[in-house]
Amino acid sequence: MLKTRLKIKIFGDAVLRKKAVPVVKVTETHRQILSQMAQAMYEDSGIGLAAPQVGVSEQLIVLDIGEGLYKLVNPRIVKKQGKQSISEGCLSVPGVCVKVVRAKQIWVHALDENGRFIELEAKNLLACVLQHEIDHLKGKLIVDYLSFLEKLRIKRKLSILKHKQFNSA
Ligand SMILES: [Zn+2]
């Protein structure tokens, strides 16, 4: 296992906008990345993290809303039901909170870290976090849900983030 701590990519980094590729075969490398992602998520007090957020453009996510850790490979939403609106933050968009309307209940197909097929039924916060992380795999971020006026309002904040990112790159 690598000792180096994974660095969270911040808004403005192109990897966050790339579509993550599906994992063809789950290997030891994927299990290591998933473990490191979980570690980074806990260290930053997050409740979910997707691989693009650590610069890996593959379909891997981890989440823990306080009910146990999930490590999922190639997660797919196969059914959605109802609506909920939760104010969401994102480790890649620090300081920005966006109220996002998502399905209240979802059914997900995925592989576990050993490559075994699993089915998951989630509702409320767990469903919300799953949808947020699966969005990351599509290159979608919470700011994409902002209305035109809200976008204008936080545009300055985001451009400062982008600027910081380019300067540190
Ligand atoms: Zn996020």
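In these legends, Ala, Val, Leu, Ile, Met, Phe, Trp, Tyr, Cys and Pro count as nonpolar, Asp, Glu, Lys and Arg as charged, and the other residues, Gly among them, as polar. All views show a predicted model.

**View 1. The second largest pocket and its lining.** The second largest pocket has a volume of about 150 Å³. Its lining consists of Phe11, Arg17, Val143, Asp144, Phe148, Lys151, Leu152, Lys155 and Leu158. By class, five of these lining residues are nonpolar and four are charged, and no polar residue takes part.

**View 2. The largest pocket and the elements that line it.** The largest pocket encloses about 230 Å³ of space and is lined by 16 residues, among which Ile47, Gly89, Cys90, Val129 and His132 lie nearest its centre. Strand β4 (84-88) and helix α2 (124-137) each contribute at least two residues to this lining, and the largest share, five residues, comes from α2. Sorted by class, the lining of the largest pocket holds seven nonpolar, seven polar and two charged residues.

**View 3. The zinc ion and its protein donors.** The zinc ion is coordinated by SG of Cys90 and by NE2 of both His132 and His136, at 2.0 to 2.2 Å. Along the chain, these donors follow the spacing C-x41-H-x3-H. Two of the donors also bear on the other views: Cys90 and His132 are among the residues nearest the centre of the largest pocket, while both His132 and His136 are buried. Why are His132 and His136 separated by about one helical turn? The two histidines are four residues apart in helix α2, and that spacing accounts for the separation. In an α-helix there are 3.6 residues a turn, so residues three or four places apart point the same way.

**View 4. Helix α2 and its surroundings.** Helix α2 has 14 residues and reaches 21 Å from its first C-alpha to its last, close to the 20 Å expected at 1.5 Å a residue. Because 12 of these 14 residues are buried, α2 is largely enclosed by the rest of the structure. The buried residues are Leu126, Ala127, Cys128, Val129, Leu130, Gln131, His132, Glu133, Ile134, Asp135, His136 and Leu137. Just after the helix, Gly139 takes a positive phi of about 80°.

**View 5. Asp135 within helix α2.** Is Asp135, a residue of helix α2, buried or exposed? Asp135 has a relative accessibility of 9% and therefore counts as buried, the cut-off being under 20% relative accessible area. Apart from its neighbours within four places in sequence, Asp135 is in contact with Arg102, Lys140 and Tyr145.

**View 6. Helix α1 and the strands it packs against.** The 16 residues of helix α1 (residues 28-43) should span 22 Å at 1.5 Å a residue, and the end C-alpha atoms are 23 Å apart, which agrees with that expectation. Within α1, His30, Ile33, Leu34, Gln36, Met37, Ala38, Ala40 and Met41 are buried. Which strands do the buried residues of α1 pack against? Their partners are β1, β2 and β3 (70-81).

**View 7. Val54 in the loop between β1 and β2.** Val54 is found in the loop that joins β1 (48-50) and β2 (60-63), where it is buried, with a relative accessible area of 9%. Setting aside residues up to four places away in sequence, Val54 touches Leu6, Lys7, Ile8, Lys9, Met37 and Leu49. One of these partners, Met37, is a buried residue of α1. Val54 and Glu133 are 79 residues apart in sequence, and their C-alpha atoms are 13 Å apart in space.

**View 8. Ser45 and Asn74, two residues with a positive phi.** Most residues other than glycine have a negative phi. Ser45, although not a glycine, has a positive phi of about 55°; this residue follows just after α1 and lies in the loop between α1 and β1. Asn74 is likewise not a glycine and has a positive phi of about 50°, and it is found in strand β3. How do the two residues stand with respect to burial, buried or exposed? Ser45 is exposed, with a relative accessible area of 65%, whereas Asn74, at 13% relative accessibility, counts as buried.

Note on methods:
Residues are numbered from 1 along each chain as its sequence is written. This is a predicted model: local features need pLDDT of at least 70, side-chain atom pairs count only at pLDDT 80 or more; totals for chains, interfaces and linings use all residues. Side-chain values use heavy atoms; hydrogens and water are left out. On a 1 Å grid over the protein atoms alone, a cavity is a set of points where a 1.4 Å probe fits but cannot get out, and a pocket is an open set with protein on both sides within 12 Å along at least five of seven lines; lining residues have an atom within 4 Å of a point. Grid points are joined across faces, edges and corners, and a volume is the space filled by probe spheres set on the points. Donors are N, O and S atoms within 2.8 Å of the metal (3.2 Å for Na, K and Ca); water is not among the atoms, so sites may look incomplete. Buried means under 20% relative accessible area, exposed over 50%, partly exposed in between (1.4 Å probe, protein chains only). Contact means heavy atoms within 4.5 Å. The expected span of a helix is 1.5 Å times one less than its number of residues.
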